[in-house]
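Hi,

Here is the structure I said I would pass on. Have a look at it first, then read on for what I found.

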Amino acid sequence: GLFVTDYFTRTPRKLSPFRSFASIELFHFHIPEDTVIAVWNLITFKEQGGTFGDQCPDRSITVYFRSGAPSVINPLHTHFPRDTAVPGSFALTLTWTLPNRTTGVFNVTSPLPGDWFLAAHLPKDEGKISVKGLYEECQYLFQPQLIVQRLVNIAVLYPGHVTEQTMAPHNRSCLYKVFVPSYTSRVLVEVLRCRGAEGCPLWLRVRAKAPPLHNSTTLDCREHTPCQLAQDLPFWQHWYYVLVEKHPGVPGTVSFQVTVQLTDCSRPSLARPPFLPSSASMNMPHSFGSAGGLALGDSPPPTSPNDTKHPVPIPVTSHAGERCWPVRPTLRNELDTFSVHFYIFFGPNVSVPPDRPAVFVINLLPVLDSGGVLNLELRLNVSSLCGENVTVFGCLNHEVPLTSGDNTSVTCETESLAGFLLSVNATASLSRLRIPYPQTGSWYLSLRSLCATEHGFEPCANVTAEVYLRAYLSPCINDCGIYGQCKLLRTNNYLYAACECKAGWNGWGCTDNAEAFSYGFQLLSTLLLCLSNVMFVPPVAIAVRSHYLLEAAIYIFTMFFSTFYHACDQPGIVVFCIMEYDVLQFCDFLGSLMSVWVTVIAMARLQPIVKQASVLYLLGAMLLSMALQMDRHGLWNLLGPSLFALGIMAVAWTARTIRRRHCYPPTWKRWAFYLCPGALIAAAAVLLYAFVETEENYFYIHSIWHLLIAGSVGFLLPPRAKPSRRLGPLPRRKGCGYQLCVNEQEELGLVDPAVASINSICTS
C-alpha cells in the first residue's frame, strides 16, 4: 500500500511535582484512521535563569498514555472513592541521558484512531514554600511530538460481495476494511477458493477500529475448512479491518476470495442485504419497540421484513444473541460545563419485566464530555417485588449493548468486550457507579431481573421489578467533598476537571484520610496563626506612648487583617472569613509592608529635615499598593520599597553623623539594647520565612514569623521625639534692650531629654 506520514507537535510546558491531577500537564493528540504506526518523541530539557540547567538535579518524569480520554492516574497509591471504576492506562518513566536534555520514544503499532491524551508530571517533592524571585528556579520542560504513518486507499469490502485477490510472491499480506453499522449482531469473514503452493497457507486476522496485530483474533486457514472467522457483538458504527497474511517461507503466488457477511439483529435469520443500510444508518429515530432501535439479546423473531421493498437477502445460520431488544433513548439536558443530566422518557422509574431486558443508551459527545465523571445510580423499589427474591442486574458497555445470552448469566464481559456490572436486590437496594474521564460515544445500559434459587439465578415468574434510574455527568466526584476543591482546567482547547485536596486529604475525590489533619490539629493551627498576631499589641503600646499615632494605627491595621486573613486561609473546616479572600490577602500583605515602611521612616527621624513626613508615608502606601497589584508574591516588587526606606534612613543617619562628627545614634546603649537585638530578630524572621518554611511546618513557622516581626518592631521603634524648646524673649525696656535667641534642640536619639544650649545672642 501507499503510506502517508503526518507530523504533530506541541509547545513545551513546565512540569510540576505531582500533588493531584490538577498539577499534571495534559497534552491532546488526534490520530487519523488507517494508522499503522504512531511514534511519540518525548523531549525533556532543563532550564535555569534562561539558560540550560546543567546544575539542576535529575528528576524522573512519568508520562501516561490513554486513548479516548485522559488517564486516571494514582502515583501516590491513594484510595479511590467507593463505587469508582478506574480505567487503565500505560505509563512510561523517562531517565536523563545528558546533563540538561533527554529524549524518550514510545511506539504504538496499529493505534486506535481518535483522541489520545498524554499526562506528564514530576515526582512529589517535600512541599517547600519558596519565595518567588529569591533564586533561579530549576524548570523541567516537556515537549511531545507525534509522527504517524497511515495507509491510503485500503480496499473496502462490501457485505455479501466477493472480492478476488492474487498475492504476488514478494507480497506478504493484504489489508481490507468493512464498515459495521448499528444493530449488527455478527460479522463473518470467509476466505474462499484459496489456492497456493501448499494448500491455503494464509492467516486470517480481524480487528475493530485499527489494523490487526499479532494478538488479534486469528484463524489459520490450513487447519480450518471452510476458513471462516466470526466476530459476535461487534462494535457499532466502526470500521473492521481484515488482514490476510501469507505464511512465511511460502513460495509462489496465492489466489483467494474474501467475503464478509453482516447479520442484522432485527432479522436474526437473514444477513444484511448488500448495499442496504440499516434503519439506524438512515438516521431513523429510536422508537420504543421498533426494529430500528434494538439491542442484542434472545427474543422471539420480529415480524419479517417486507420482501417487496428489499432485495433477496442471504440466509445465514442463526446464533444465540443475534436477536434484538428495544433500546430506549435518553434526553440530554446540559446545565453547565460537565454538568449534564440524562433523562429517560416516561422515567425515571423503569419497569424491568421478567422475560426480557430493558436497554437504554447514553450518548457522550466527543471531546466535550470526556473530561468529567459519568455517574450511574440504580435504586430498587422493594415494594414492587411482591415478596420474591429478585435481583436486578445492570450491564454498562461501551459502543455495543450486551445482554446475557442465557438466563443465568450475570457477567458483563466477553472475549472481546468488557463492561461494568451493577446489581440491586431487597437487601442492597442501591447501587452506584462512577467512571472518571469516560470514553465518549454511546454507552448502553442493559437491565435484567433474575430470581435467586438454590441452583443459582433463574428467570422470575410474573414479577416486574421497578428501578429508579439516574444517569448524569458531573465535573468531579461528589464535588470533591468538604476537604477539596473541584477545578476546571484547560489545555489548549480541551477542558477537564480535577480535585485539589487540602488539610492532608488525598485521593481522586479527596476521600483518603490516611494523612488527614484532625479537627484538633486544624483548630490548633488556626489559633496559632491568629493569636500570634497579638504580639503586635506591645509595639502598638510603645508607639502610642511615644506619640507615634500613625505608626500605631498601621500596626493595628496589620494585626487585624493578618488575624482574619489567616482565619480565612485555613485548608480545613476551621475557617472564618469576614470578607472575600482576595481582599483579606491584599490588606494583610499591604499592612505587613507598610509596618516595615513606617518603622524605618520613623527610625530615620526626618522631622527636622523634612517637615512633612506624611508625604513619605503616602508615597510608600502608593508604591506598595502598586507592587502588590503587579505581583503579590514577587520578591523584588516587595523588597524594593523596603530597601528604598532603608536607603532613606541610611542617608539621614549619615547626614547627621557628618554634621555632628559623631556616630548616630550617639550612645552605645541604643545600639546594644535596641538596634542590634531588633535587627537580629528581624533577620532571623526573614531567614525562617525564606528558607525554612514548608507546607508541613507552615503553621508554627509562620506563627514564629509573626512573633519575631512584631518583636523586632518593638525594639527598633525610636524613642519619643521631644518637643523643641525655645526661650521666650526677655522683657524689653523701653528704648533698648537685649533678646536671647536659642536654637532647636539637637536630637541625640536618647530617652532622657538633652540640655538646651544657648548658641547665639541677638541684639534687639
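The second largest cavity has a lining of 11 residues, and M603, W653, P665, R670 and P718 are the ones that lie nearest its centre. By class, that lining splits into eight nonpolar residues, one polar and two charged. The space inside the second largest cavity is about 80 Å³. In total I get seven cavities of 30 Å³ or more. Do keep in mind as you read that this is a predicted model.

P665, one of the residues nearest the centre of that cavity, has something else going for it. The peptide bond between Y664 and P665 is cis, with omega about -10 degrees. As for where that falls, P665 is in the loop between α6 (635–660) and α7 (668–692). There is another cis bond way back in the chain, from T225 to P226, with omega near 0 degrees. P226 is a loop residue too, placed between β16 (217–220) and β17 (227–232). I flag these because most peptide bonds are trans, just as most residues other than glycine have a negative phi.

On to the helices. M603, from the cavity lining, falls within the range of α4, which covers residues 581–604. Does the length of α4 agree with its residue count, or disagree? The helix has 24 residues, and at 1.5 Å a residue they should span 34 Å; the end C-alpha atoms are 35 Å apart, so the two agree. Of those 24 residues, 18 are buried, so α4 counts as mostly covered. Right after the helix comes R605, which has a positive phi, near 50 degrees.

The UniProt record (an unreviewed entry) annotates "transmembrane region" at residues 516–536, 548–567, 573–597, 609–628, 634–655, 671–692 and 698–717. I looked at two of these spans in the model. Residues 671–692 are 100% helix and 0% strand, with end C-alpha atoms 29 Å apart. Residues 698–717 come out at 95% helix and 0% strand, and there the end C-alpha atoms lie 28 Å apart.

Within helix α8 (residues 698–716) sits G711. Its relative accessible area is 14%, under the 20% cut-off, which means that G711 is buried. G711 also pairs up with V537 over a long stretch of chain: they are 174 residues apart in sequence, with 9.9 Å between their C-alpha atoms.

The same unreviewed UniProt entry type gives "domain: EGF-like" for residues 499–510. In the model that stretch is 0% helix and 25% strand, and its end C-alpha atoms are 7 Å apart.

Now for the strands. The protein has 36 of them, along with eight helices. I picked out I61, which belongs to strand β6 (residues 61–67). Its relative accessibility is 0%, so I61 counts as buried. Which residues does I61 touch, leaving aside those up to four places away in sequence? They are L15, T44, L92, T93, L94, W96, H121 and L122. T95 is 34 residues along the chain from I61, and their C-alpha atoms are separated by 7.1 Å.

Two more loop residues deserve a look for their backbone. D34 is not a glycine, yet its phi is positive, near 65 degrees. D34 lies in the loop between β3 (25–31) and β4 (35–48). V367 is another residue other than glycine with a positive phi, also near 65 degrees. V367 is in the loop between β25 (358–364) and β26 (373–380). Are these two buried or partly exposed? D34 has 12% relative accessibility, so it counts as buried, whereas V367, with a relative accessible area of 24%, is partly exposed.

Finally, the overall numbers. Of the 764 residues in the protein, 47% are buried. Taking contacts between residues at least 6 apart in sequence, 77% join residues at least 24 apart.

Cheers

Definitions and conventions:
Residues are numbered from 1 along each chain as its sequence is written. This is a predicted model: local features need pLDDT of at least 70, side-chain atom pairs count only at pLDDT 80 or more; totals for chains, interfaces and linings use all residues. Side-chain values use heavy atoms; hydrogens and water are left out. On a 1 Å grid over the protein atoms alone, a cavity is a set of points where a 1.4 Å probe fits but cannot get out, and a pocket is an open set with protein on both sides within 12 Å along at least five of seven lines; lining residues have an atom within 4 Å of a point. Grid points are joined across faces, edges and corners, and a volume is the space filled by probe spheres set on the points. Ala, Val, Leu, Ile, Met, Phe, Trp, Tyr, Cys and Pro count as nonpolar, Asp, Glu, Lys and Arg as charged, and the others, Gly among them, as polar. Helices (H or I, at least four residues) and strands (E, at least two) are DSSP runs, numbered from the N terminus. The expected span of a helix is 1.5 Å times one less than its number of residues. Buried means under 20% relative accessible area, exposed over 50%, partly exposed in between (1.4 Å probe, protein chains only). UniProt positions are given in the numbering used here, feature names are shortened, and annotations may be inferred rather than shown by experiment. Contact means heavy atoms within 4.5 Å.
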